[in-house]
Amino acid sequence: MTFSGSIATPVGVLAVHSDGVAITRVTWPRGGRTAVPGTMQDAERDPLLAEALAQLGAYFAGERSGFDLPFDLGPQSDVTSAVLHALYDTVGHGETVTYGELAERSGTAVPARAIGSIMGANPIPIIVPCHRVVASDGLGGYSGGAPGEGLLTKRWLLEHEGALPAALF
């Protein structure tokens with residue numbers, strides 16, 4: 001059974017999905033949707049979903065710097081799984097890592113340029129913090145956020161965590 005809920009955040013509405021055992025997806029709903037159907041009922045029926053929504057709320061309020069939630073990346077290649085787990089395990093709040101550094105930390109033979117594709121395959125952004133992976137010469141890309149606002153979303157998240165200075169304008 002899948003449970004779904006949503007939370008309004010400064011970077012848009014986030015939809016959170018749980019199977020009752022692990023968080024399985026975090027997405028930005030498309031098509032102008034501001035909520036996920038069944039939000040309150042599912043959060044009441046699934047304590048894990050309720051906890052995930054509460055932890056995300058605390059993160060965006062600046063009251064939490066990490067997540068203590070079981071998650072399931074779903075069907076991924078061994079390399080993708082290794083890279084995403086290395087990201088989750090080794091890059092903390094307020095830190096960034098380059099694509100090349102993450103490739104090295106993961107212990108895989110994946111080239112740095114392939115890390116961006118792996119970040120795009122992350123089914124659990126924010127919790128598995130792909131926004132913390134940057135290019136050696138700038139922010140790099142980001143597939144999260146509202147359509148067309150990926151880099152604005154990434155910048156906001158990194159500023160929120162203190163990894164980047166706030167924009168002057």
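Biologist: Which exposed residues does helix 5 carry on the face turned away from its buried side?
Modeller: Keep in mind that this is a predicted model. Helix 5 runs over residues 112-120, and I115, I118 and M119 are buried there. Down the helix axis these buried residues fall within an arc of 100 degrees, so they line one face. The face turned away from them carries the exposed pair you want, R113 and S117.

Biologist: And what do the buried residues of helix 5 pack against?
Modeller: We've just met the buried residues of helix 5, namely I115, I118 and M119. Their packing partners are helix 3 (78-90), helix 4 (99-106) and strand 5 (133-134).

Biologist: Let's look at V79 then; which residues is V79 in contact with, leaving aside its neighbours within four places in sequence?
Modeller: V79 has its place in helix 3, and with a relative accessible area of 35% this residue is partly exposed. One of the buried residues of helix 5 is I118, and I118 turns up among the contacts of V79. The full set for V79 is T108, V110 and I118.

Biologist: How far apart are the C-alpha atoms of V79 and G107?
Modeller: Along the chain, V79 and G107 are 28 residues apart. In space, their C-alpha atoms are separated by 9.1 Å.

Biologist: On to pockets: which element gives the largest share of the lining of the largest pocket?
Modeller: That pocket has a volume of about 200 Å³. Of the 15 residues lining the pocket, the closest to its centre are V26, W28, N122, P125 and S143. Strand 3 (23-27) and helix 5 each supply at least two lining residues. The largest share, three residues, comes from strand 3.

Biologist: By class, how many residues in the lining of the largest pocket are charged?
Modeller: Go through the lining class by class: eight residues are nonpolar and five are polar. That leaves the charged class, and its count is two.

Biologist: W28 came up there; what kind of aromatic pair do W28 and Y142 form?
Modeller: A search of the whole structure finds five aromatic pairs. For W28 and Y142, the rings are 6.3 Å centre to centre, with 85 degrees between the planes. An angle over 60 degrees puts a pair in one class, and for W28 and Y142 that class is edge-to-face.

Biologist: How many residues apart are W28 and Y142 along the chain?
Modeller: W28 sits in the loop between strand 3 and helix 1 (39-45), while Y142 is in the loop between strand 5 and helix 6 (150-160). Both W28 and Y142 are buried. The pair links distant parts of the chain, with a separation of 114 residues.

Biologist: Is V11 buried or exposed?
Modeller: V11 lies in the loop between strand 1 (3-9) and strand 2 (12-18). Not counting neighbours within four places in sequence, V11 is in contact with W28, F60, T153 and W156. F60 and W156 also belong to a ring cluster with Y59 and F67. At 9% relative accessibility, V11 counts as buried.

Biologist: T153 is in helix 6, so which elements do the buried residues of helix 6 pack against?
Modeller: The buried residues of helix 6 are G150, T153, K154, L157 and L158. Down the helix axis they fall within an arc of 130 degrees, so they line one face. What they pack against is helix 2 (47-60), helix 4 and strand 5.

Biologist: Which residues does T98 touch, not counting those up to four places away in sequence?
Modeller: T98 has its place in strand 4 (residues 97-98). With a relative accessible area of 18%, T98 is buried. The residues T98 touches are V133, V134, A135 and S136.

Biologist: One on the backbone: what is the phi of I126?
Modeller: Most residues other than glycine have a negative phi. I126 is in the loop between helix 5 and strand 5, and at 1% relative accessibility this residue counts as buried. I126 is not a glycine, yet its phi is positive, at about 75 degrees.

Biologist: And which residue just after helix 6 takes a positive phi?
Modeller: Helix 6 covers residues 150-160. Just after that helix, a positive phi of about 80 degrees is taken by G162.

Conventions
Residues numbered from 1 in each chain as written. Predicted model: local features only at pLDDT ≥ 70, side-chain atom pairs only at ≥ 80, totals over all residues. Heavy atoms only, no water. Buried < 20%, exposed > 50% of the residue type's maximum accessible area, 1.4 Å probe, protein only. Helix = DSSP H or I, 4+ residues; strand = E, 2+ residues; numbered from the N terminus. Arc of directions from axis to C-beta. Contact = heavy atoms within 4.5 Å. 1 Å grid on protein atoms, 1.4 Å probe; cavity = no way out; pocket = protein on both sides within 12 Å on 5 of 7 lines; lining within 4 Å. Points joined across faces, edges and corners; volume = space filled by probe spheres on them. Nonpolar A, V, L, I, M, F, W, Y, C, P; charged D, E, K, R; others polar. Phe/Tyr/Trp six-rings, centres within 6.5 Å; stacked < 30°, edge-to-face > 60°.
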